[in-house]
Amino acid sequence: MDSLITAAGLALAAGDPLGALDRVALRDDAPALALRGIAMAQLGEFERAKALLKRAARAFGPKEAVARARCVVAEAEIALVSRDLGWPAKALDAARATLEKHGDRLNAAHAGHLKVRRLLLIGRLDEAEQVLAGLDPAPLPPASRAAHELAVAGIAMRRLKTKAARTALEWARLAARHAGIAGLLAEVDSAFLALDTPAARLIANGEERPLLLAEVEALQASPSLVVDTFRHAVRKQETAVSLATRPVLFALVRALAEAWPGDVARATLIARAFGGRHADESHRARLRVEIGRLRAELRELADIGATSRGFALAPRQPGAVVVLARPIEERHASVLALLADGEAWASSALALALGGGQRSVQRALEQLAEAGKVQSFGHGRARRWMTPPVAGFTTTLLLPAPLPNG
């Protein structure tokens with residue numbers, strides 16, 4: 001490898017893509033094409049970067065398996081950053097195996113971190129933890145160590161383990177400072193901000209206040225009966241009852257919880273659960289049926305007693321009744337949560353991350369666009385959607401992943 005290629009590689013490792021391009025911009029040999037592709041990716045020119053990396057992979061000879069594997073890893077990183085989640089993950093696994101076989105442990109670890117980040121985006125936390133557990137951060141250089149700790153922190157935040165997340169971010173900040181890469185430091189600072197920004201709202205005794213992630217974590221361990229609007233469940237410590245497929249029952253229990261320790265009028269419950277403006281006898285009969293179903297679902301946690309004007313929630317064990325509410329009451333909050341990272345997403349990638357149908361996601365995006373909450377550019381398969389972050393809130397809890405014990 002000649003001196004210009006070496007110098008360009010060092011510049012890229014230090015986060016200086018322009019310095020790398022100064023050395024290899026006019027060269028068309030395979031190593032130079034690969035470095036040019038990585039430099040263009042760091043500058044945000046993803047389409048150009050992908051084209052250069054594909055040319056580089058073709059230009060490397062059949063005996064240069066490691067170089068071709070590195071190109072695949074670079075393509076995978078571009079796909080991740082550009083939110084092309086449908087990019088073939090098996091290709092990254094094969095490249096990682098090749099790198100490990102030939103002793104390139106640094107790039108193999110980088111491939112592993114990319115896989116973890118993709119799994120984290122689509123909410124597959126168990127798989128992400130398994131991959132991360134197989135990566136030893138000790139021998140990694142500072143930039144890679146920072147990436148490792150960011151992955152650890154990301155999983156911990158989604159698991160509501162805020163102390164572990166903060167510890168990992170402290171290590172990530174230290175490593176990023178040693179690496180001297182401004183973009184990496186900015187990513188760490190952004191992750192810290194999620195810990196110190198309201199993530200939810202607590203509604204209790206007719207009042208509401210914002211909650212940080214650490215406070216949400218503490219609430220899960222408290223003796224309170226929590227009506228969780230993120231996962232549409234009712235939980236008390238280790239016991240949880242999911243009402244995700246019973247929207248009417250969840251609407252009823254939320255209304256009862258918001259009014260606790262008082263009761264809720266029948267007309268109010270009918271309006272909240274059925275959308276009925278005027279309560280007639282058929283509505284009241286249906287309400288009695290749904291209240292009976294809700295009693296059966298919550299029998300381990302609470303009872304629902306009738307009062308002169310309506311119904312009231314009565315926990316079976318001592319403790320307050322609270323509602324853990326979303327930071328923003330938005331029908332398509334999960335879509336907005338994914339778009340809040342500031343990246344441009346395809347509707348297919350959003351559907352994959354949310355575990356839903358692409359057509360449903362497209363309808364949600366169209367409704368959000370009509371409301372001025374998202375915007376798109378491009379056409380057809382190249383169409384991408386994005387939005388600025390939701391001001392004043394972290395959307396960690398809105399992302400696709402189960403809460404603890406649920």
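**Note on helix H9 and the cores of a predicted model**

1. The buried residues of H9 are covered by parts of the protein that include H7, H8, helix H10 (162-179), helix H11 (182-195) and helix H12 (213-221), where contact means heavy atoms within 4.5 Å and buried means under 20% relative accessible area with a 1.4 Å probe, protein chains only (exposed is over 50%, partly exposed in between). Helices (H or I, at least four residues) and strands (E, at least two) are DSSP runs, numbered from the N terminus.

2. Please keep in mind that this is a predicted model, in which local features need pLDDT of at least 70 and side-chain atom pairs count only at pLDDT 80 or more, while totals for chains, interfaces and linings use all residues. Residues are numbered from 1 along each chain as its sequence is written, and side-chain values use heavy atoms, with hydrogens and water left out.

3. Of the 17 residues of H9, 12 are buried, so this helix is largely enclosed by the rest of the structure. Among the buried ones are Ser144, His148, Glu149, Gly154 and Arg158, as well as Leu150, Ile155 and Met157.

4. From its first C-alpha to its last, H9 reaches 24 Å, close to the 24 Å expected at 1.5 Å a residue, the expected span being 1.5 Å times one less than the number of residues. Just after H9, Leu160 takes a positive phi of about 60°.

5. The largest nonpolar core, meaning a set of buried Ala, Val, Leu, Ile, Met, Phe, Trp, Tyr and Cys residues joined through side-chain atoms within 4.5 Å, has 41 residues, of which Leu85, Leu339, Trp345 and Leu350 touch the most other members. Several helices each supply at least two residues of this core, including helix H5 (65-81), helix H9 (142-158) and helix H18 (358-370), and the largest share, seven residues, comes from H7.

6. Which residues does Trp345 touch, not counting residues up to four places away in sequence? They include Leu85, Leu121, Leu339 and Leu350, and also Arg83, Arg383 and Arg384. A second, separate core of 33 residues includes Leu249, Ala255, Leu301 and Phe311.

7. For the protein as a whole, there are 18 helices and 11 strands, and 47% of the 406 residues count as buried. Along its principal axes the C-alpha trace spans about 85 × 45 × 35 Å, and residues 24 or more positions apart account for 56% of the contacts with a separation of 6 or more.
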